[in-house]
Amino acid sequence: AEVDGGLDGFFRQQLFVAGGDSLSLDDIENRIVRPEFRDPRTHFALNCGAASCPALDNRAFHGARLEADLDRQTRRFAGDPTHVRWQQGRLYLSRILDWYGQDFVDWFPTEASTEEGQTEEGGTRTIVDYLRLYAPQELVHQLPANADVTVEFNEYDWALNAQTPQPKKGL
């Protein structure tokens with residue numbers, strides 16, 4: 001189904017009432033979720049559903065399991081070669097990591113700063129450092145240990161993710 005104004009209209013112009021305020025989905029993401037929670041894992045859990053977006057979960061997020069859900073979504077994203085791929089000495093990444101790159105550097109988890117493979121205290125963190133926390137070990141081992149990783153960002157496919165709904169059993 002077509003939406004007036006396309007994706008931009010749906011996410012920026014269409015308003016929804018939440019907590020008594022009229023907000024767009026863009027407002028919720030960029031005026032509430034990102035500045036309040038300062039957790040880049042939300043980029044892999046909340047998105048517009050375009051073909052190049054991370055896969056959306058098929059269940060609601062719940063406070064009791066939110067940390068595990070966000071970690072799972074981030075690991076799924078980092079393990080999907082359409083979003084993160086090491087090929088011929090280059091790291092090909094989703095454009096999301098370019099557009100919101102500063103979130104991943106600024107909101108780097110402090111408890112991870114002393115883990116093996118992370119930058120030393122006082123070092124400049126990069127998007128590659130963040131990915132090392134969530135990417136499959138086989139990918140992490142392929143990445144050069146130093147910061148000299150050539151990164152290229154994939155073109156973004158804005159077409160609506162056309163996942164085919166699975167029929168319910170017993171119907």
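The following dialogue works through the cores, one loop residue, a pocket and a helix of a predicted model.

Visitor: Which residues have the most contacts inside the largest nonpolar core?

Guide: In this predicted model, they are Val 84, Leu 91, Leu 93, Leu 97 and Leu 131, within a core of 20 residues. Helix H3 (66–78), strand S4 (90–93), helix H6 (127–134) and helix H7 (137–142) each contribute at least two residues to this core. The greatest contribution is that of H6, at six residues.

Visitor: What does Leu 131 touch, leaving aside residues up to four places away in sequence?

Guide: With those neighbours set aside, Leu 131 is in contact with Ala 78, Val 84, Leu 91, Leu 93 and Leu 97. A second core, separate from the one just described, consists of six residues, among them Cys 48, Ala 50, Cys 53 and Tyr 156.

Visitor: Is Thr 42 buried or exposed?

Guide: The cut-off for buried is under 20% relative accessible area. Thr 42 has a value of 12%, and is therefore buried. This residue belongs to the loop that runs between helix H2 (25–37) and H3. Its contacts, not counting residues up to four places away in sequence, are with Val 33 and Leu 70.

Visitor: I should like to turn to open space. How is it located, and how much space lies in the largest pocket?

Guide: Rolling a probe the size of a water molecule over the atoms reveals where space remains empty. In this model, the largest pocket holds about 570 Å³.

Visitor: Which residues lie nearest the centre of the largest pocket, and which elements give two or more residues to its lining?

Guide: Of the 22 lining residues, Phe 11, Glu 29, Asn 47, Cys 48 and Tyr 100 lie nearest the centre. Helix H1 (6–13), H2 and helix H4 (96–99) are the elements that supply two or more residues to the lining. H2 gives the most, namely six residues.

Visitor: How many residues of each class are found in the lining of the largest pocket?

Guide: The lining comprises 15 nonpolar, three polar and four charged residues.

Visitor: Which residues of H2 are buried, and what covers them?

Guide: An α-helix has 3.6 residues a turn, so residues three or four places apart point the same way. The buried residues of H2 are Asp 27, Val 33 and Arg 34. Their cover includes strand S2 (21–23) and helix H5 (101–106). Val 33 has also appeared above, as a contact of Thr 42.

Visitor: What follows H2?

Guide: Arg 38 follows H2, and its phi is positive, near 45 degrees.

How values were computed
Residues are numbered from 1 along each chain as its sequence is written. This is a predicted model: local features need pLDDT of at least 70, side-chain atom pairs count only at pLDDT 80 or more; totals for chains, interfaces and linings use all residues. Side-chain values use heavy atoms; hydrogens and water are left out. A nonpolar core is a set of buried Ala, Val, Leu, Ile, Met, Phe, Trp, Tyr and Cys residues joined through side-chain atoms within 4.5 Å. Buried means under 20% relative accessible area, exposed over 50%, partly exposed in between (1.4 Å probe, protein chains only). Helices (H or I, at least four residues) and strands (E, at least two) are DSSP runs, numbered from the N terminus. Contact means heavy atoms within 4.5 Å. On a 1 Å grid over the protein atoms alone, a cavity is a set of points where a 1.4 Å probe fits but cannot get out, and a pocket is an open set with protein on both sides within 12 Å along at least five of seven lines; lining residues have an atom within 4 Å of a point. Grid points are joined across faces, edges and corners, and a volume is the space filled by probe spheres set on the points. Ala, Val, Leu, Ile, Met, Phe, Trp, Tyr, Cys and Pro count as nonpolar, Asp, Glu, Lys and Arg as charged, and the others, Gly among them, as polar.
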